[in-house]
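This report describes the fold of a single chain and the surroundings of its ligand. The sequence and the structure are shown first.

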Amino acid sequence: MGSATRAADDGNVEAGHLTDATIRETLRGVHYPGLTRDLVSFGMVKHVAVCDGRVKVRLGLRTEDATIPSKLQAAVENALRPLGATSVAIEIVPPDGGGVPFRRTAADPWADQVRLASVRHTVAVGAGKGGVGKSTVAANVALALAREGLRVGLLDADIYGPSLPILLGIEDGAARVRMTPEKLILPLESHGLPLVSFGFFLGEQSPAIWRGPMVSKAVKQFARGVAWPDLDVLVVDLPPGTGDIPLSLAQAVALSGAVVVSQPPRVASAEARKAIDMFRTLEVPVLGIVENMTGPFGAGTGRTLSHDVGVPFLGAIPFDPEVVRECDLGTPTVVVRPESEVGRAFGAVARGFAEPLGWRYEPAADLSLSPALHRPEER
Ligand SMILES: Nc1ncnc2c1ncn2[C@@H]1O[C@H](COP(=O)(O)OP(=O)(O)O)[C@@H](O)[C@H]1O
Ligand SMILES: [Mg+2]
């Protein structure tokens, strides 16, 4: 089948090369529009039928973007024509199982996905581009949820730029981190939260040279190999963009949802939209959008995006230069200035984050007390 692919490159392939196997192999070279992964590795190719030169490909996916089907049609057709296809039809169906996320067979990359035993909900925080304040939002929202009484942990899975140790004031993580006898990582604690960061393990080896399969393996080991205490929510700080790490994470552990951080400039919200499409493709529910650094760069694109893609808007965090200093000092805003405008904004986002997971924000019976989040089973 490798020879068929090579022949396709030469542009002279007999129709005899058009088989289920050569078609699937060729589709490995077709990326999902706007993303860096191909249709096969996403597990989207559900069925291939070929009769003479006529090919039908069934793709399982969900997207809100109305331009995706025609882009897929063009990309699949371009890839299969050189193989001798005279007509190419694609059919788009919902992903397998109607509610059961993925078919589990031996060859299925999702087959060994696990639910973390001591963690009730694992929620990823992503962004389309770097520097939008994703880590700042992840850390402060986690701390705000903890202030509401939830048991929260933080996993810093940003292999290319782990920053939660700095934001949370852990300077010597690599020296302090320990393993259990079963070789599970023991989280370090900061401001009351258990934290594990790739930054604890990155030593001399430059992650810039890590190849895809190594990254994927590292993320899987890292996501599953932690001795977390009992947690209501594990917040995972992802690297920006739509690369290998979100896919590997979603294949390694069952995610309850994802939150996407954006910024007022339209370039940021356009990139956030790609991240939302990626999570939907991975069948990870998007719990909401946060607009960060509202003010000097504008305002409102987060809400517009949430409206356009049908995802809740969790709130806007104002730009505040003090936040930069607090991040650098490892003294998060929610800890040192919970009543500031930014501190309250993080609190509001945290409630919007908890509600889709089943917590309810209810007024306290005694009016002198603040309202509080209630656990689902306490209702
Ligand atoms: N609301 C805010 N106001 C001002 N500065 C912010 C705000 N949120 C984040 N920052 C700053 O922006 C920079 C990037 O934030 P960071 O969380 O590291 O982004 P990301 O994880 O998306 O790359 C940091 O210096 C941080 O202190
Ligand atoms: Mg970051």
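For the classification used here, Ala, Val, Leu, Ile, Met, Phe, Trp, Tyr, Cys and Pro count as nonpolar, Asp, Glu, Lys and Arg as charged, and the others, Gly among them, as polar. On that basis the shell around ligand 1 is made up of nine nonpolar, seven polar and two charged residues. The model is predicted: local features require pLDDT of at least 70, side-chain atom pairs count only at pLDDT 80 or more, and totals for chains, interfaces and linings use all residues. Residues are numbered from 1 along each chain as its sequence is written, while chains are lettered from A and ligands numbered from 1 in the order in which they are written.

**Ligand shell**

Around ligand 1 there are 18 residues, and the closest are Gly 133, Lys 134, Ser 135, Thr 136 and Cys 327. A residue is near a molecule if its C-beta atom, placed from the backbone, lies within 6 Å of it. At least two residues of the shell come from each of α4 (134–147), β12 (286–294) and α11 (321–329). Helices (H or I, at least four residues) and strands (E, at least two) are DSSP runs, numbered from the N terminus.

**Overall composition**

The chain contains 13 helices and 15 strands. Of its 379 residues, 44% are buried, a term that applies if 20 or more other C-beta atoms lie within 10 Å of the residue's own, with C-beta atoms placed from the backbone. Among the contacts in the chain with a separation of 6 or more, 73% are between residues 24 or more positions apart; two residues are in contact if their C-beta atoms, placed from the backbone, lie within 7 Å.

**The eight-stranded sheet**

Eight strands form an open sheet in the order β8-β9-β5-β10-β4-β11-β12-β13, and the pairing is mixed. Two strands pair if DSSP finds at least two bridges between them. The edges are occupied by β8 (188–190) and β13, each with a single partner strand, so one side of each has no neighbour in the sheet. On average, neighbouring strands of this sheet are turned by 25° against each other, direction ignored. Axes are lines fitted to C-alpha atoms, for helices over the stretch in contact, and angles run from 0 to 180 degrees between N-to-C directions.

Strand β11 (residues 257–262) has five of its six residues buried, so it is largely enclosed by the rest of the structure. The table lists strand pairs of this sheet together with one residue pair for each.

| Strands | Bridges and direction | Residue pair |
|---|---|---|
| β4 (residues 119–127) and β11 | five, parallel | Val 123 and Gly 257 |
| β11 and β12 | five, parallel | Val 261 and Val 290 |
| β5 (residues 152–156) and β10 (residues 231–237) | five, parallel | Val 152 and Val 233 |

Helix α4, which contributes to the ligand shell, packs on the sheet and touches β4, β5, β9 (193–197), β10, β11, β12 and β13. The direction of α4 makes about 170° with that of β10. Helix α10 (residues 301–309) also packs on the sheet, where it touches β11, β12 and β13, and its direction makes about 160° with that of β12.

Within strand β13 (residues 313–318) lies Ile 317. Ile 317 is buried, with 30 other C-beta atoms within 10 Å. Leaving aside neighbours within four places in sequence, the contacts of Ile 317 are Val 137, Val 290, Asn 292, Thr 294, Val 342, Ala 345, Phe 346 and Val 349. The C-alpha atoms of Ile 317 and Ala 345 are 5.5 Å apart, although 28 residues separate the two along the chain.

**The three-stranded sheet**

A further open sheet has three strands in the order β1-β2-β3, with mixed pairing. Here β1 (45–51) and β3 (87–93) stand at the edges with a single partner strand each, so one side of each is left without a neighbour in the sheet. The average turn between neighbouring strands of this sheet is 15°, direction ignored. Strands β1 and β2 (residues 54–60) run antiparallel and are joined by six bridges; Ala 49 has Lys 56 in β2 as its bridge partner. Helix α2 (residues 20–27) packs on the sheet, touching β1 and β2, and its direction makes about 130° with that of β1. Helix α3 (residues 68–80) lies across β2 and β3 and runs at about 140° to β3.

Leu 83 is located in the loop between α3 and β3. With 24 C-beta neighbours inside 10 Å, Leu 83 counts as buried. The C-alpha atoms of Leu 83 and Leu 18 are separated by 6.1 Å, the two residues being 65 residues apart along the chain.

Technical notes: A residue is buried if 20 or more other C-beta atoms lie within 10 Å of its own, exposed if 12 or fewer, and partly exposed in between; C-beta atoms are placed from the backbone.
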